[in-house]
Amino acid sequence: MAIALAEAAAALAPRALAPRALAPRALIDPQRRVIDYLRISVTDRCNYRCTYCMPEDGAAPAARADVLSFEEIVALARAFVSLGVRRLRLTGGEPTVRRDLPTLARLLRDLPGVDELAVSTNGDRLAALAAPLRAAGVDRLNVSLDTLDAAKFRRITGRGDLSRVLAGLAAARAVGFASIKLNTVAVKGFNDDELAALCDFAWARGFVPRFIEQMPMAAGQTFVPGQLLSAAEIRAAIVAAHAGSRLVADDDAAGVRGAGPARYHRLVGGPETGAPRRFGLISPMTEHFCDRCNRARLSATGALHACLAHDDAVDLRGPLRAGGQRAVVEAIVAAIATKRDGHDFELVGLGGPRKAMVQIGG
Ligand code: SAM
């Protein structure tokens, strides 16, 4: 175990970024958006090689000494919480490849002011980790699932075993997370014929399916323009596959957190199955959601990215390691003060960011 809980608490107490010493402030960007949600990448390493995510030559992993320790992640999280952040998500890379993830989860969930802790995972190690993560206080889970076909799954993930993810999902369902969402990157010619099946799979198990438009990250290296499946096409395919149904907007549905980029819809009419037939769409390419953005991203090496679509980043590790509590808070405030409005992902190779998803906690 990297650190014992008691040790960690003791280590943090004297040097903590004491929220009480700071004037209560909220993180509000120049567009008046309130940033109350932080995605924390706990590693830039991944056990999958998803074709749309990882550039061909890989992304050079960060030097171990540059990766934040659990104590450092917790100290930075405290600083964000002192600035009004209430929801945290652990992501990566693949967060479950970081040893003792449940220990970190417990430390973060116990921070006063944290209302919710979530984890995004590819599900490969979930069969073993679902129960410990739930026991550590993780409230919500997002699991990537691009196809229900084992051969296609191996192809898109580079090495994944679908049966492991399905076992992980069953384990997660059994331990009672507040919500489990399935994230599917929609890829024309790959899974456009499976959108309805993925919805039906999710609905039958009480999960919420979500579809993400593919983004040209890593300067477009992993992006094939002809593969873009738009939000409008996704909606049309799901309605067409459910005869007699139509869509209603459902952002405020109970149990579904509508805040943030995802827009939720519900199928009504047609044969009712009993379960609510909701799905989410994240459409960075064709239907921008910048006005709803409530988030920032902390990389595994302590760089704060105010926007996924731009390469701007502010280093928090330097001030943290220099012991400057106030400097860390000021750096966060300064980063959010430069959070941009709008992006031009559509201009592949011109407007896409150079950074890869795996490096920043997508
Ligand atoms: N490994 C974890 C997982 O699978 O959820 C966390 C990190 S992963 C980068 C987060 C999400 O980003 C996954 O759902 C993944 O499919 C998605 N993603 C990665 N590259 C993408 C891209 N180019 N466009 C859209 N979504 C992408």
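In the predicted model, a nitrogen atom of the ligand lies 2.9 Å from a backbone N or O atom of Gly93. The side chain of Glu94 also takes part, with an N or O atom placed 2.9 Å from a nitrogen atom of the ligand. For Met215, a backbone N or O atom is found 2.9 Å from a ligand nitrogen atom. With a cut-off of 3.5 Å between N or O atoms, each of these pairs is therefore a polar contact. The ligand on its own exposes 550 Å², and 94% of this area is buried by the protein. Three elements each give two or more residues to the surrounding shell, namely strand E3 (116-121), strand E5 (179-186) and strand E6 (208-213).

The shell around the ligand holds 19 residues, and those that come nearest are Tyr52, Gly93, Glu94, Ser144 and Met215. Gly93, Glu94 and Met215 thus appear both in this group and in the pairs at 2.9 Å described above. Sorted by class, the shell around the ligand consists of 10 polar, 7 nonpolar and 2 charged residues.

The pockets of the protein were also examined. The largest pocket has a volume of about 340 Å³. Its lining is made up of 11 residues, of which Arg45, Arg64, Val67, Arg98 and Arg99 are the closest to the pocket centre. By class, 5 nonpolar, 5 charged and 1 polar residue form the lining of the largest pocket. The shell around the ligand, by comparison, has 2 charged and 10 polar residues.

Methods: Residues are numbered from 1 along each chain as its sequence is written. This is a predicted model: local features need pLDDT of at least 70, side-chain atom pairs count only at pLDDT 80 or more; totals for chains, interfaces and linings use all residues. Side-chain values use heavy atoms; hydrogens and water are left out. A residue is near a molecule or strand if one of its heavy atoms lies within 4 Å of it. A polar contact is a pair of N or O atoms within 3.5 Å; within protein, one must be able to donate a hydrogen and the other to accept it, and residues adjacent in sequence count only if both atoms are side-chain atoms. Accessible areas come from the Shrake-Rupley method with a 1.4 Å probe; for residues, only the protein chains shown count as cover. Helices (H or I, at least four residues) and strands (E, at least two) are DSSP runs, numbered from the N terminus. Ala, Val, Leu, Ile, Met, Phe, Trp, Tyr, Cys and Pro count as nonpolar, Asp, Glu, Lys and Arg as charged, and the others, Gly among them, as polar. On a 1 Å grid over the protein atoms alone, a cavity is a set of points where a 1.4 Å probe fits but cannot get out, and a pocket is an open set with protein on both sides within 12 Å along at least five of seven lines; lining residues have an atom within 4 Å of a point. Grid points are joined across faces, edges and corners, and a volume is the space filled by probe spheres set on the points.
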